[in-house]
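Biologist: Please take one part of this model and examine it closely. I should like a connected account of how that part is built and what surrounds it.

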Amino acid sequence: MKNIAELMTERRSAQDFDPHYQIPEADFNAVIEAMRMAPSSYGILGQRLLIVNPGPMREKLAPCFYNQLNYLNASKFVIVLGVNHKGLKTAVTHTIDLKFQKDSELRSTYEGNIHKALFSGYLNDQQMDSYSSQQTYITTGIATVAAASLNIDTCMIGGFSSKALSEILIQEGLMQEHETPFITMAFGKSTKVSGDKLRTELKEFVKEF
Ligand SMILES: Cc1cc2nc3c(=O)[nH]c(=O)nc-3n(C[C@H](O)[C@H](O)[C@H](O)COP(=O)(O)O)c2cc1C
């Protein structure tokens, strides 16, 4: 098997996918599991995934993704929902409840640290949203590597109307008001990439001291 650096060097973001290709179920499940195991700040459990298979709902949501081909033709399409400023506190409490016994000393230290960092008034709503959004990007970053290791092509898709998508997802009962679709990701067999792979030269990218 190729090492991770080789996989990442060879992988490209798919601009389009073979619409007839289906990712083997076990492989896709492994990618989802890798996403579920992604680390998050303070270990807060504040994310979940919507998997949009080809079909009427994929079509209905297409205008929210400006009908991009890599949205339309992906074998699997994942919307990563994160808690927004309306849900962050509840997610923190839920996580702490699962992680610690009631009245434990560790619990109050942990709780104190999180509350100081997130809820002491330094962060406005937008900054809380941004904090949650960052966690979802870690999840898709991990999915990029996991998928490459299984020969699944991907493209992270940030080019969508979050407002339009949120409206439909809430209407359809697929998302709650306290959640936001921060980032999305397409998976399948790539048929098109854009240009050559361009990266910062190693000597400019790294300074070791
Ligand atoms: C956060 C993020 C959002 C992106 N959004 C889109 C997108 O909406 N549409 C698209 O075709 N590619 C999107 N891409 C793919 C990038 O354009 C691509 O990673 C970049 O051009 C480098 O190409 P490569 O991944 O093939 O090396 C996105 C990538 C990232 C990391």
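**The sheet**

Modeller: An open sheet is formed by four strands in the order β2-β3-β5-β4, with antiparallel pairing. Helices and strands here are DSSP runs, H or I over at least four residues for a helix and E over at least two for a strand, numbered from the N terminus; two strands pair if DSSP finds at least two bridges between them. At the edges stand β2 (47–52) and β4, each with a single partner strand, so one side of each has no neighbour in the sheet. On average, neighbouring strands of the sheet are turned by 25 degrees against each other, direction ignored; the axes behind this angle are lines fitted to C-alpha atoms, for helices over the stretch in contact, and angles run from 0 to 180 degrees between N-to-C directions.

Two remarks on conventions apply throughout. The model is a predicted one, in which local features need pLDDT of at least 70 and side-chain atom pairs count only at pLDDT 80 or more, while totals for chains, interfaces and linings use all residues. Residue numbers start from 1 along each chain as its sequence is written.

The pairings may be taken in sheet order. β2 and β3 are joined in the antiparallel sense over six bridges, and Val52 stands opposite Phe77 in β3. Between β3 and β5 the antiparallel pairing runs over eight bridges, with Leu81 opposite Pro181 in β5. β4 and β5 pair, again antiparallel, over five bridges; Cys155 has Ala186 in β5 as its bridge partner.

Strand β3 (76–83) is mostly covered, since eight of its eight residues are buried. A residue is buried if 20 or more other C-beta atoms lie within 10 Å of its own, exposed if 12 or fewer, and partly exposed in between, with C-beta atoms placed from the backbone. Lys76, Val78, Val80 and Gly82 point one way from β3, whereas Phe77, Ile79, Leu81 and Val83 point the other way, and all of them are buried. For the chain as a whole, buried residues account for 30% of the 209 residues.

The sheet also enters the packing of the interior. In soluble globular proteins, nonpolar side chains tend to be buried together. A nonpolar core is here a set of buried Ala, Val, Leu, Ile, Met, Phe, Trp, Tyr and Cys residues joined through C-beta atoms within 7 Å. The largest nonpolar core has 30 residues, of which Ala147, Met185, Ala186 and Phe187 touch the most other members. Two or more residues of this core come from each of α2 (25–36), β3, α7 (125–149), β4 and β5 (179–188). Another core lies apart from it, with seven residues, among them Ile44, Val83, Leu88 and Ile114.

Contacts can be followed from Phe187, where two residues are in contact if their C-beta atoms, placed from the backbone, lie within 7 Å. Leaving aside neighbours within four places in sequence, Phe187 is in contact with Ile23, Phe28, Ala74, Ser75, Lys76, Ala147, Ile152 and Thr154. In the chain, 85% of the contacts between residues at least 6 apart in sequence join residues at least 24 apart.

Ala147 also leads to helix α1 (residues 4–10), in which Leu7 lies. The C-alpha atoms of Leu7 and Ala147 are 9.9 Å apart, although 140 residues separate the two along the chain. Beyond neighbours within four places in sequence, Leu7 has contacts with Lys2, Ala148 and Ser149. Leu7 counts as partly exposed because it has 17 C-beta neighbours inside 10 Å.

The edge strand β4 (residues 153–157) brings the account to the ligand, as this strand gives the most to the shell around it, with three residues. Surrounding the ligand are Arg12, Ser13, Gln15, Gln68, Asn70, Cys155, Met156, Ile157, Gly158, Gly159, Val193 and Lys197; a residue is near a molecule or strand if its C-beta atom, placed from the backbone, lies within 6 Å of it. The shell divides into four nonpolar, six polar and two charged residues. In this division Ala, Val, Leu, Ile, Met, Phe, Trp, Tyr, Cys and Pro count as nonpolar, Asp, Glu, Lys and Arg as charged, and the others, Gly among them, as polar.

At the other edge, the loop between α2 and β2 holds Tyr42. Tyr42 is not a glycine, yet its phi is positive, at about 60 degrees. Most residues other than glycine have a negative phi. Tyr42 is partly exposed, with 16 other C-beta atoms within 10 Å.
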